[in-house]
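Trainee: I'd like a close look at one part of this molecule rather than a tour of everything. Please take me through the sheet slowly, and show me what packs around it.

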Amino acid sequence: MLQQILRDMYIDPDLLAELNEEQKQILFYKMREEQLRRWYERKSWQAEAQDDGVKPPSTKQNHEKHINWLSGTDGDVWVWVMGEAPGDKPYEQIAEELMEEKARLQAQKEAEELWKKKEAEIEKKFRDVLAKEKARIVAEKWKVEIEDRKAAKLMEEKIQLELRKREEEERQSGEEEIRRQEELRAKELYLSLKEAQQQSQRNDSDEEQWQEQLRRSKAADEARSHTARRARAEYHRQSMRAIKKGKVAGLSNLFQGLGTAHEQATRLHHHLVFPGLQQPSAASPIRTWARPPRPHSREVIVRWFKEEQRPRDAGYERNTKTVAPWFHGIISRQEAEELLMNKSEGAFLVRVSEKIWGYALSYRQASGFKHFLVDASGDVYSFLGVDPNRHATLADLVDFHKEEVITSSGGELLLEPCGQQRSPPDYNPLFE
């Protein structure tokens with residue numbers, strides 16, 4: 001199961017939810033190790049290809065743009081920070097003046113356009129009025145006597161004078177109105193630019209917050225990796241201590257036949273470094289059916305247990321045909337916690353998992369419950385993503401952790417098996 005996760009670099013969310021925090025961290029660490037291994041493998045391939053004269057494919061486009069930096073007298077990139085050079089105004093003052101000037105120029109431009117339209121309207125208006133008056137005078141002057149022409153001329157000049165006066169007054173009024181509009185527009189543009197500046201400052205603040213979150217995320221990532229590395233090292237030391245004490249040799253067929261602690265340690269190292277190169281056990285069953293990648297129904301889980309697990313004495317006490325007091329059937333996490341609710345710290349049970357081909361060990365701790373997935377998809381039994389110890393039987397795994405903790409941080413020892421409260425037992429469908 002672990003090899004499949006590392007091959008696909010994906011774990012189903014439902015399966016991930018079954019792992020406790022330490023299992024998640026170690027699984028994450030292993031996936032990161034696999035990513036690095038693939039990256040170094042690719043770099044090595046590229047180096048070999050270059051040595052052989054094969055040019056690696058370029059990811060750059062021909063039309064890619066480039067930047068040439070201006071160099072200073074010292075040969076480095078020439079940099080001028082506005083507001084910090086001798087004689088420069090402070091940046092805030094420069095920005096303020098630029099905004100004011102930009103607003104003034106924009107308002108002036110708009111006022112000029114508005115004045116052109118207004119002036120054209122005034123000229124047209126009085127040109128039309130003057131033309132009408134001239135036409136009227138010309139039409140009437142033929143009706144008056146010759147001695148009255150002088151009076152008509154004087155009248156015309158008076159009217160023209162009056163019209164020019166009115167035109168000038170209206171022009172001044174129009175200019176004043178446009179000036180007021182220009183001032184108001186300049187204020188509006190200034191406020192708009194000021195708001196844009198404040199929004200930019202808020203965006204800069206958001207960027208700083210994002211950078212802080214990124215820093216915290218990287219720190220948390222490093223802490224998880226450190227925790228995972230420390231836990232794996234502790235599990236390895238735990239396994240070596242167990243081998244020296246003879247515990248693993250007495251519990252797992254993987255180490256039988258190796259008399260010395262050095263030979264047992266070498267065998268364990270082989271299984272840790274090359275977990276996929278396991279020698280098949282004579283007692284291991286040969287599958288005669290096509291097992292799905294994951295369990296999808298209770299019926300297929302029952303079939304898997306009967307055809308693959310019962311021949312390996314799964315669920316039985318060691319070297320007997322008696323069902324172990326800690327063994328349970330296909331029950332949920334909630335049902336397991338209800339069974340352990342009134343038990344003391346160290347109580348445990350093993351239930352058939354509905355998430356993987358294997359089991360879940362549910363454990364009662366002082367502050368609640370823990371659940372560990374046991375991978376049984378191969379020829380051995382081990383905690384998914386946590387325990388490097390691989391046991392030949394399910395009973396071996398349980399007995400081993402009656403004396404050796406499951407995790408170094410939690411210190412979980414299996415002290416009290418939690419038995420059945422149903423009649424018939426919940427494991428009956430597995431043994432019918």
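Mentor: Let's start with the sheet itself: five strands form an open sheet in the order S4-S3-S2-S1-S5, with mixed pairing. Strand S4 (382–383) and strand S5 (416–417) stand at its edges with a single partner strand each, so one side of each has no neighbour in the sheet. Strands here are DSSP runs of E with at least two residues, helices are runs of H or I with at least four, and both are numbered from the N terminus. Two strands count as paired if DSSP finds at least two bridges between them.

A word on what you are looking at: this is a predicted model, in which local features need pLDDT of at least 70 and side-chain atom pairs count only at pLDDT 80 or more, while totals for chains, interfaces and linings use all residues. Residues are numbered from 1 along each chain as its sequence is written, and side-chain values use heavy atoms, leaving out hydrogens and water.

Now follow the chain through S1, S2 and S3. Strand S1 (residues 347–352) pairs with S2 in the antiparallel sense over five bridges, and a hairpin of five residues joins S1 to S2. Two bridge partners to find on screen are Phe-348 with Tyr-363 in S2, and Arg-351 with Ala-360 in S2. On the next step, a hairpin joins S2 to S3 through two residues. Strand S3 (residues 368–375) and S2 are antiparallel too, with eight bridges between them. Here Tyr-359 has Val-374 in S3 as its bridge partner.

Look at how covered S2 is: eight of its eight residues are buried. Buried means under 20% relative accessible area, exposed means over 50%, and partly exposed lies in between (1.4 Å probe, protein chains only). In a regular strand, side chains alternate between the two faces of the sheet.

What packs against this part? Helix H8 lies across S1 and S2, running at about 100° to S2. Contact means heavy atoms within 4.5 Å. Axes are lines fitted to C-alpha atoms, for helices over the stretch in contact, and angles run from 0 to 180 degrees between N-to-C directions.

The aromatic rings add to this picture, with 13 aromatic pairs in the whole structure. Rings of Phe, Tyr and Trp (its six-membered ring) pair if their centres lie within 6.5 Å; planes under 30 degrees apart are stacked, over 60 edge-to-face, and the rest tilted. Trp-304 and Tyr-359 make a tilted pair, 5.9 Å centre to centre with 45° between the planes. Trp-304 belongs to helix H8 (residues 298–309) and Tyr-359 to strand S2 (residues 358–365), so this pair ties together parts 55 residues apart in sequence. Trp-304 is buried at 0% relative accessibility, and Tyr-359 is buried with a relative accessible area of 0%.

Beside Trp-304 in sequence, Phe-305 forms an edge-to-face pair with Phe-431, at 5.5 Å centre to centre and 80° between the planes. That pair links H8 to helix H11 (residues 428–431), 126 residues apart, and both rings' residues are buried. Trp-304, Phe-305, Tyr-359 and Phe-431 are among the residues that ring pairs link into a cluster.

One last detail for S2: Arg-364 lies over the face of Phe-369, 4.8 Å from the ring centre. A charge sits over a ring if NZ of Lys or CZ of Arg is within 6 Å of the ring centre and within 35 degrees of the ring normal.
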